[in-house]
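Dear colleague,

Please find below the structure that I am handing over to you. My notes on what was found in it follow directly after.

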Amino acid sequence: MRFKEKYDLIVVGSGPGGFPAAIIAARAGLDVLVVERNPFFGGLMSSGLPALAIIDRSGRKVIKGFTEEFMNRLRSIGGATQDYRAPIQNSLTYMNMSWVRLMVNEMFLETGVDAMIYAELKDVKVIDDKVCGVSVFCRGREYSFSAKVVIDATGDADVASKAGAATVKGEHLQPASLTFDVENIDIDKFAKYAQSHPETIKLPSSFPGIVQDPFEFGRHKTFATMCFFDLIEKARAAGDFTLPRNMIDFTHQKDTDRAYFNVTRAINLDSTNVEEFIEGEQTCEHQIFEIMRFLRKYCPGFENCTLGSVMPYLGIRESRRIVGKKTITKDVLKELPVPDDTIAMAGYNVDIHGQDSEKMSMLPVRHAIGIPFGCIIPEKIENLIMSGRTISVDQTIFGMTRIMSTCMAISEAAGVTAVLACKNNISPSALNVAEVRLYLEKQGAVIR
Ligand SMILES: Cc1cc2nc3c(=O)[nH]c(=O)nc-3n(C[C@H](O)[C@H](O)[C@H](O)COP(=O)(O)OP(=O)(O)OC[C@H]3O[C@@H](n4cnc5c(N)ncnc54)[C@H](O)[C@@H]3O)c2cc1C
């Protein structure tokens, strides 16, 4: 059989919370299996989204280590841009979705990670509160694997939930969205319109202190904007815009006539409910028709725009989170601490898409906070490490930690934790955090 029955580490999910851990662990000599339900690797990172807040609001680069290596490899083949400072998102790094997907596979091949696509987690083997393996359903066949350690990078905390670990969900979950590319945009015309109509980019009071400069927009500039607040109101009054959204959010990449749109919205959707997930996908696909009509009819510069690619699957912002040994709560926003047991930094703002309304809010955060080790370790279940967006934070802090660069930094820490747990033959929860931190710093990760 191509796959083994026993692994040191199984990583479920190959998104930004999954693939860095797998590669780091394989480089350190662990036998690693990645289980991924999609027919490609990279999760939402292979969907064209830009990486945000690699640089925090104070101007400090807070995500380095493996993430920097990955971005530099992408850059070397024209698959990623430099990190651009941005008034709303702190910084933006554009990635080519196809290169991301191919690069993750390339690095799995290089490092000897066994990677299984089309493979959905079926169950988790737990003995005496210790995770010891998973079963997987792959194209009609069931596989069973044992492992010393499992990393849950599913985004939905599927492993933790099946293992019986305590998880939580916010009362109102952030909406799901299907993003898409729009081509043939006259960016100069849009820029001129924004310069002469500042109301179109005036952020509401839910973005306190964040101001967009229309002179930053233009054909040769890379930028992200939230705009057309005024035109949506006009279109809504005319019955031409019915979506639960009060602005258009797009990111434009330098020297192209293309932009990436984050506008569709499926509200009141719980991705752990299969039927709601399917309905959400269909709802968002349907909304793209209306958005394209709106852009062509109302928006200067978009009169002749055409639809490019659509995200490969519905993007879920929020679902389950683990209850960890430690939890970051919104109290940290007063002091913005970087505690002594920090294993990754979160340098974004508190970005919450209106949970049951059309609005969103962005609370700027002065500088990065530290994520303590205990946030990736479940309260009770052993041999399980959480990574990506499922770590132990409250719903407000989740608005900060959910972005891909932070998920990659967390994944690096999860990988190092797995390496040290396997090498010392102990459960991740029993590790000395100082040892984890030393290893991370040797890899160039920022943890202070
Ligand atoms: C619409 C939208 C726009 C966003 N925009 C941005 C942005 O511009 N910039 C940014 O940095 N962040 C953005 N985010 C947030 C960010 O993309 C996610 O929070 C981040 O990708 C989470 O990483 P992850 O690895 O935890 O999960 P994911 O990227 O979702 O990866 C999880 C992986 O696990 C796999 N998986 C899940 N369950 C199973 C299972 N049971 N069995 C097998 N495999 C499984 C999935 O197929 C997937 O590949 C956005 C999110 C959404 C939804």
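Two strands are taken to pair if DSSP finds at least two bridges between them. The model is a predicted one, and the remarks below should be read accordingly.

**Sheets and strands**

Strands S4 and S5 (residues 90–93) meet that criterion, since 3 bridges join them in the antiparallel sense. Within this pairing, alanine 86 has asparagine 90 of S5 as its bridge partner. Both strands belong to an open sheet of 3 strands, ordered S3-S5-S4 and paired antiparallel. Strand S3 (51–52) and strand S4 (84–86) each have a single partner strand and stand at the edges, so one side of each lacks a neighbour in the sheet.

A further antiparallel pairing involves strand S17 (residues 342–346) and strand S20 (residues 369–372), which are joined by 4 bridges. Here alanine 344 is matched with isoleucine 371 in S20. Strand S17 is mostly covered, with 5 of its 5 residues buried.

**Aromatic pairs**

A search of the whole structure yields 24 aromatic pairs. One of them is formed by phenylalanine 190 and phenylalanine 217, which are stacked with 5.5 Å from centre to centre and 25° between the planes. Phenylalanine 190 belongs to helix H5 (residues 187–196), while phenylalanine 217 sits in the loop between H5 and strand S12 (223–227); the pair therefore ties together parts that are 27 residues apart in sequence. Both phenylalanine 190 and phenylalanine 217 are buried.

Phenylalanine 190 also pairs with phenylalanine 228: the ring centres are 5.6 Å apart and the planes stand at 80°, so this pair is edge-to-face. Because phenylalanine 228 lies in the loop between S12 and helix H6 (229–237) and phenylalanine 190 in helix H5, the contact ties together parts that are 38 residues apart in sequence. Phenylalanine 228 is buried, as is phenylalanine 190.

Ring pairs link these residues into a cluster made up of Phe180, Phe190, Tyr193, Phe217, Phe223, Phe228, Phe250, Phe261 and Phe302.

**A charge over a ring, and a surface patch**

Arginine 139 lies over the face of tyrosine 118, at 4.9 Å from the ring centre.

On the surface, Ile77, Trp99 and Leu102 form a nonpolar patch with about 260 Å² of accessible area together. Tryptophan 99 is part of helix H3 (residues 97–111). Its relative accessible area is 35%, so tryptophan 99 counts as partly exposed, a class that lies between buried, under 20%, and exposed, over 50%.

With kind regards

Key:
Residues numbered from 1 in each chain as written. Predicted model: local features only at pLDDT ≥ 70, side-chain atom pairs only at ≥ 80, totals over all residues. Heavy atoms only, no water. Buried < 20%, exposed > 50% of the residue type's maximum accessible area, 1.4 Å probe, protein only. Helix = DSSP H or I, 4+ residues; strand = E, 2+ residues; numbered from the N terminus. Patch = residues over 30% accessible without salt bridge, like charges linked within 9 Å, V, L, I, M, F, W, Y side chains within 5 Å. Areas by Shrake-Rupley, 256 points an atom, 1.4 Å probe, with all protein chains shown as cover. Salt bridge = Lys/Arg side-chain N within 4 Å of Asp/Glu carboxyl O. Phe/Tyr/Trp six-rings, centres within 6.5 Å; stacked < 30°, edge-to-face > 60°. Lys NZ or Arg CZ within 6 Å of the ring centre and 35° of its normal.
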